[in-house]
Amino acid sequence: MLSTNATCFSLLFVAFSCLEASGYSSTACLLVLSATGAILYSIILADTFVVCNLALVASGMDKSGGFLAIPKACVLIRGRTVTAVALAIPVNMALAAVEALFQYRVVRAFHTATSSTALEGILIAYMYSIFVVIDTIVNCEFFKSCKRGFRMDEEGGYAYRIPVEGQNGKTMDRAPLSSKVADNFI
C-alpha cells in the first residue's frame with residue numbers, strides 16, 4: 001500500500017511539473033489534470049486495497065503466508081475486480097463514519113472529558129471492531145467464491161488457462177496444472 005501511494009504521488013508530481021515546465025499553467029488545465037489524477041489515484045488505491053485484503057485472507061485460509069499470498073490474490077481476483085471493490089466500498093464507508101464519529105464525540109471533547117465520554121469511546125471502538133469482523137467475513141466469502149471459480153474437478157485440483165502463441169501464430173492453451181502443482185500457485 002505504501003509503495004502504491006508513493007508511486008501515484010510521484011507520478012502526479014511529475015505530471016504537474018511537466019505541465020508547469022511546458023507553460024500550460026492555466027486554471028482549466030490544472031483543474032482537468034487534478035481531477036484526472038484524483039480519479040486515477042482512487043482507482044489504483046482501491047485495487048491495491050482489495051488485493052491486499054484478499055492476500056491477507058488467502059494467507060490465513062490457505063496457511064501460506066508471505067509474499068506468495070499477493071500473487072495468489074492477483075490471480076484469483078482477475079476478472080472480479082469490480083465485484084471486490086463493490087463489496088469493499090460499503091464496509092469502508094462504515095469504517096470511515098465510525099472514525100468520524102470517534103473524532104467528533106471523543107477526540108473533540110477530550111479537554112472536557114467525563115466518564116460518559118470514556119464509555120462513548122469504548123462503544124465506538126466496539127462498533128469499529130464489529131465492522132472489521134464484517135469486512136473479514138465478506139472477504140472470506142469472496143475468497144471462497146473466487147477459489148470456486150478455479151475448480152477443475154471433484155479431486156480439488158485447480159486450473160488456470162494460459163494462452164501460448166505457437167510457432168504458426170495460432171494460440172494454443174497449456175494443459176491444466178495438476179492439483180499438487182496448482183496448490184503452490186493458487
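**Helix packing and an enclosed cavity**

In its unreviewed entry, UniProt lists residues 39–61, 82–102 and 122–143 under "transmembrane region". The model discussed here is predicted. In this model, the span 82–102 is 100% helix and 0% strand, and its end C-alpha atoms are 30 Å apart. The span 122–143 is likewise 100% helix with 0% strand, with 31 Å between its end C-alpha atoms.

How helices α2, α4 and α5 pack against one another is taken up next, pair by pair. Two packed helices are described by the angle between their axes and the distance between those axes. For α4 and α5, the angle is about 175 degrees and the axes lie 10 Å apart. The two helices α4 and α5 are therefore roughly antiparallel to each other. On the α4 side, the residues in contact are Thr83, Ala84, Leu87, Val91, Ala94, Leu95, Val98, Glu99, Leu101, Phe102, Arg105 and Val106. Their partners in α5 are Thr117, Glu120, Gly121, Ile124, Met127, Tyr128, Phe131, Val132, Ile134, Asp135, Val138 and Phe142. By class, the residues of this α4 and α5 contact comprise 17 nonpolar, three polar and four charged.

Helix α2 (residues 27–61) meets helix α5 (residues 115–148) in another arrangement: the axes come within 9 Å and cross at roughly 75 degrees. This crossing makes α2 roughly perpendicular to α5, since angles of 65 to 115 degrees count as roughly perpendicular. From α2, the contact draws on Asn53, Leu54, Val57, Ala58 and Met61, while α5 supplies Asp135, Asn139, Cys140, Phe142, Phe143 and Lys144. Seven nonpolar, two polar and two charged residues make up this contact of α2 with α5.

The remaining pairing considered here is that of α2 with α4, whose axes are 10 Å apart and pack at an angle of about 90 degrees. With that angle, α2 is roughly perpendicular to α4. Here Ala46, Asp47, Phe49 and Val50 of α2 meet Thr81, Ala84, Val85, Ala88 and Asn92 of α4. The residues of the contact of α2 with α4 divide into six nonpolar, two polar and one charged.

Attention then turns to enclosed space. Counting cavities of 30 Å³ or more gives one. The largest cavity has a volume of about 60 Å³, and its lining consists of Val50, Asn53, Leu54, Ala84, Leu87, Ala88, Asn139 and Phe142. Helices α2, α4 (81–107) and α5 are the elements that each give two or more residues to this lining. Six of the lining residues are nonpolar and two are polar, with no charged residues.

Several lining residues also take part in the helix contacts described above. Ala84 lines the cavity and appears in the contact of α4 with α5 as well as in that of α2 with α4. Phe142 is another lining residue; Phe142 meets α2 residues in one contact and α4 residues in another.

Technical notes:
Residues are numbered from 1 along each chain as its sequence is written. This is a predicted model: local features need pLDDT of at least 70, side-chain atom pairs count only at pLDDT 80 or more; totals for chains, interfaces and linings use all residues. Side-chain values use heavy atoms; hydrogens and water are left out. UniProt positions are given in the numbering used here, feature names are shortened, and annotations may be inferred rather than shown by experiment. Helices (H or I, at least four residues) and strands (E, at least two) are DSSP runs, numbered from the N terminus. Axes are lines fitted to C-alpha atoms, for helices over the stretch in contact, and angles run from 0 to 180 degrees between N-to-C directions. Angles under 35 degrees count as roughly parallel, over 145 as roughly antiparallel, 65 to 115 as roughly perpendicular and the rest as oblique. Contact means heavy atoms within 4.5 Å. Ala, Val, Leu, Ile, Met, Phe, Trp, Tyr, Cys and Pro count as nonpolar, Asp, Glu, Lys and Arg as charged, and the others, Gly among them, as polar. On a 1 Å grid over the protein atoms alone, a cavity is a set of points where a 1.4 Å probe fits but cannot get out, and a pocket is an open set with protein on both sides within 12 Å along at least five of seven lines; lining residues have an atom within 4 Å of a point. Grid points are joined across faces, edges and corners, and a volume is the space filled by probe spheres set on the points.
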